[in-house]
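Open the model in your viewer and show it as a cartoon. We will start with the whole chain and then zoom in on one loop residue.

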Amino acid sequence: MKILIRTLLAFVFFISKPSFAQVPAYSSFPGATAVLFLDFDGHTVNGTSWNSNGPIVCGPANMDNAKITEIYNRIAEDYRPFNINVTTDSLKYEAAPATKRMRAIFTITNSWYGTSAGGVAYIGSFTWGDNTPCFIFTALFKYNVKNIAEAGAHELGHTLGLRHQATYDASCAKIQEYNSGIGTGETSWAPIMGVGYYKNLTSWHNGADPYGCSSTQDDFSIISGSNNGFGLRADDLAGSTKNLPLQNFTNNQFTTTGLINTAADKDYIKFSISNTTKRFELKATPTNVGAGDAGSNLDIQVELLDSRSRVLGKYNPPTVLNAALDTMLEPGTYFIAVDGVGNQYTSDYGSLGSYSITAIQSDPIILPVHKLELKGSTDNNRHKLDWVIEADETIVSQTLEVSADGRAFNKVAELAAADRTFNYLPASTGALQYRVNVSFDNGRQYYSNIIALRNGAISKPQLFSNLIRTNSIMVNSPANFSYLVSDYSGRTLAKGMVT
């Protein structure tokens with residue numbers, strides 16, 4: 001029995017005026033035998049299960065190459081873990097085995113089917129071998145690139161054997177035929193086989209299907225299973241610290257790329273710091289199509305390990321999909337571990353995809369002022385800050401800055417040159433990080449250390465930054481605690497009392 005399934009139509013409210021040219025030829029994995037062909041320039045369908053009423057003449061997608069490129073990139077990333085080539089090149093489709101290929105037709109032509117669905121496909125048709133395509137009706141989406149890409153990945157998922165991901169309440173009553181996801185912002189999530197139009201992060205999911213709350217669908221296993229016959233891409237980077245090649249710095253930086261293709265996959269990269277202590281900065285970015293890591297399927301966590309594979313720090317900002325670190329490293333060998341992880345809205349099941357890394361080493365920053373130190377405390381949810389500035393230069397201006405994630409800082413207040421305290425009741429809750437931005441009459445600008453304050457009591461000392469400047473480690477403590485600082489070998493460097 002051939003099962004026909006339709007995709008929910010998104011409602012959008014803008015139209016763009018495209019300019020047309022030859023569709024660019026892209027391929028996500030040219031060496032793969034299996035092919036998903038994204039067809040944007042029109043096609044006549046004949047001799048398939050769609051043709052009970054004769055040939056279907058499909059007009060082109062009516063989209064310019066910039067939009068076609070973004071749609072391709074979004075869908076290619078959805079299928080990145082699998083041993084399959086997502087392509088816009090018809091020659092790749094024609095060269096593929098008949099039972100290992102699918103044509104997705106992006107077309108303005110929908111009158112033969114109607115306006116009740118944004119796309120339509122037969123479940124499992126990828127392996128039929130009779131050129132039965134699936135369809136995405138671009139005009140019904142008002143040419144919205146995000147929504148067309150989500151519909152394209154969704155329809156192709158149907159051809160590979162997937163049904164919808166649904167939601168149920170505690171009593172097992174179906175709430176949604178299409179799981180619409182959860183959350184807001186960059187980490188907001190929805191399953192590809194639900195409805196992903198309104199969430200930034202969409203991914204494959206292991207969840208309830210439309211046939212009962214106890215009936216689940218493991219998207220990833222079905223796509224990569226024996227029925228489709230193409231499986232997963234081979235792992236590209238080593239999964240441990242053993243026998244790794246050394247990643248060399250060129251002009252004090254290196255870049256590399258990788259792929260997380262299963263929930264258990266973790267990529268390791270080896271590098272070394274030579275001769276003197278260096279500032280080490282690293283940015284790990286999931287493959288994306290724009291601001292907010294749009295189009296990404298991967299939420300990245302980075303770990304920094306020493307030469308004995310001991311974890312020195314984990315970096316996984318809760319509100320963004322990328323990760324970064326900024327620290328001081330003594331000469332020696334180190335490792336970076338890259339992992340796909342879950343967040344507050346979803347597990348690590350579908351946190352898969354490609355990424356890039358940029359790392360920079362530089363000489364330590366030494367402030368040409370004698371002292372620039374910020375401290376803070378909370379009092380009934382008011383944040384009370386004070387700081388010390390000792391410098392030979394004359395202060396021209398000061399700005400107090402705040403950040404919710406330690407990355408993007410915004411101005412809290414412009415301060416007079418003589419100010420050394422500031423108290424206020426912040427509008428947001430949770431941890432906030434502060435720094436003072438000071439400008440001097442010699443034209444130079446310097447930042448204080450960063451401290452973090454949070455509303456509500458803390459129960460133990462907290463280290464808020466591992467970037468050490470002028471031999472200082474910043475700790476926020478609710479009471480007196482004894483401390484000990486040791487090096488990698490366990491040798492005690494300092495000890496005393498935190499107040």
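The tour below goes from the overall fold to a single side chain and its surroundings.

**Whole protein.** Keep in mind that this is a predicted model. Select everything and colour by secondary structure: the protein has 34 strands and 4 helices. Align the view to the principal axes. The C-alpha atoms fill a box of roughly 85 × 50 × 50 Å.

**Contacts.** Stay with the full selection. Of the contacts with a separation of 6 or more, 68% join residues 24 or more positions apart.

**Surface.** Switch on the surface. The accessible area is about 22,800 Å², and carbon and sulfur atoms hold 49% of that area. Of the 499 residues, 49% are buried.

**Charges.** Now colour the charged side chains. There are 39 positive and 43 negative ones. The centres of the two sets lie 2 Å apart.

**Into the loop.** Hide the surface. Select α4 (219–223), then β15 (253–260), and trace the loop between them to find T241.

Is T241 buried or exposed? T241 counts as buried because its relative accessibility is 18%, and the cut-off for buried is under 20%.

**Around T241.** Show T241 as sticks. Which residues should be added next, leaving aside neighbours within four places in sequence? Add Y268, S309 and F335, which are in contact with T241.

Finish on S309. Its side chain makes a polar contact with the side chain of T241, at 2.9 Å. Draw that distance in the viewer, and keep Y268 and F335 displayed as the other contacts of T241 from this set.

Conventions. Residues are numbered from 1 along each chain as its sequence is written. This is a predicted model: local features need pLDDT of at least 70, side-chain atom pairs count only at pLDDT 80 or more; totals for chains, interfaces and linings use all residues. Side-chain values use heavy atoms; hydrogens and water are left out. Helices (H or I, at least four residues) and strands (E, at least two) are DSSP runs, numbered from the N terminus. Buried means under 20% relative accessible area, exposed over 50%, partly exposed in between (1.4 Å probe, protein chains only). Contact means heavy atoms within 4.5 Å. Accessible areas come from the Shrake-Rupley method with a 1.4 Å probe; for residues, only the protein chains shown count as cover. Lys and Arg count as positive and Asp and Glu as negative; His and the chain ends are not counted. The place of a charge is taken as NZ of Lys, CZ of Arg, CG of Asp or CD of Glu. A polar contact is a pair of N or O atoms within 3.5 Å; within protein, one must be able to donate a hydrogen and the other to accept it, and residues adjacent in sequence count only if both atoms are side-chain atoms.
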